[in-house]
Amino acid sequence: MKTVHIVNGPNLNLLGMRQPEIYGRDTLEDVRIACEQLGQLLGLKVELFQSNHEGVIIDQIHAARHSAAGIIINPGAFTHTSIAIHDALNTFDGPVIEVHISNIHKRESFRHHSYVSLRADGVIAGLGVEGYQLAVRRLASLLS
Ligand code: CA2
């Protein structure tokens, strides 16, 4: 069975606990369970990670080079700042889907640019946490 890694960046550990008007009421644990269950239906093993630290996220991307067929990534605010995460994703050979819970293009202008989009095969933004499940579906078809 192919494995997919879902990598989450800073502050996403607080999902469902603060700012529900922007990010909704589901927690990251809810996202993990929903994506694992969907993955089972689609024949994918799904593993979810979260870190508040840029270097740890880069290590998680490097680990995915050996253990994952595809990556779903919500880099949080590092989306808009991190050339290092962009470079790490360029070392990964499989498909990459970028997910944002909010519509970054409807928000402050500093959120409109993404270094990750330069590498991503697809981008989902503004569809709430449902975007993670849509990304799992897309990876399942890309990897089939
Ligand atoms: O919309 C997204 O998914 C973002 O990646 C979320 C980032 C933000 O910096 C990006 O511009 C867009 C922020 C994540 C903060 O997560 C929280 C979740 C719940 C409560 C507080 C923060």
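**Close-up views of the ligand site**

**View 1. The ligand and its pocket.** In this predicted model, the largest pocket is the space that the ligand takes up. The ligand is surrounded by 17 residues, and the closest of these are Asn74, His80, Ile101, Ser102 and Arg111. By residue class, the shell around the ligand consists of 8 nonpolar, 7 polar and 2 charged residues.

**View 2. Polar contacts of the ligand.** Among the residues that approach oxygen atoms of the ligand, Ile101 does so through a polar backbone atom at 2.7 Å, and His100 through an N or O atom of its side chain at 3.0 Å. For Ala77, a backbone N or O atom is found 3.4 Å from an oxygen atom of the ligand. Of the 500 Å² that the ligand exposes when taken alone, the protein buries 95%.

**View 3. Confidence along the protein chain.** The protein chain has a mean pLDDT of 97, with 100% of its residues reaching 70 or more. Within this chain, confidence is highest in strand S3 (residues 70-74), at a mean of 99, whereas helix H1 (residues 20-23) has the lowest, at a mean of 92.

Technical notes:
Residues numbered from 1 in each chain as written. Predicted model: local features only at pLDDT ≥ 70, side-chain atom pairs only at ≥ 80, totals over all residues. Heavy atoms only, no water. Near = heavy atom within 4 Å. Polar contact = N/O pair within 3.5 Å; in protein donor to acceptor, adjacent residues only side chain to side chain. Areas by Shrake-Rupley, 256 points an atom, 1.4 Å probe, with all protein chains shown as cover. 1 Å grid on protein atoms, 1.4 Å probe; cavity = no way out; pocket = protein on both sides within 12 Å on 5 of 7 lines; lining within 4 Å. Sits in = over half its atoms within 2 Å of the grid points. Nonpolar A, V, L, I, M, F, W, Y, C, P; charged D, E, K, R; others polar. pLDDT = per-residue confidence, 0-100. Helix = DSSP H or I, 4+ residues; strand = E, 2+ residues; numbered from the N terminus.
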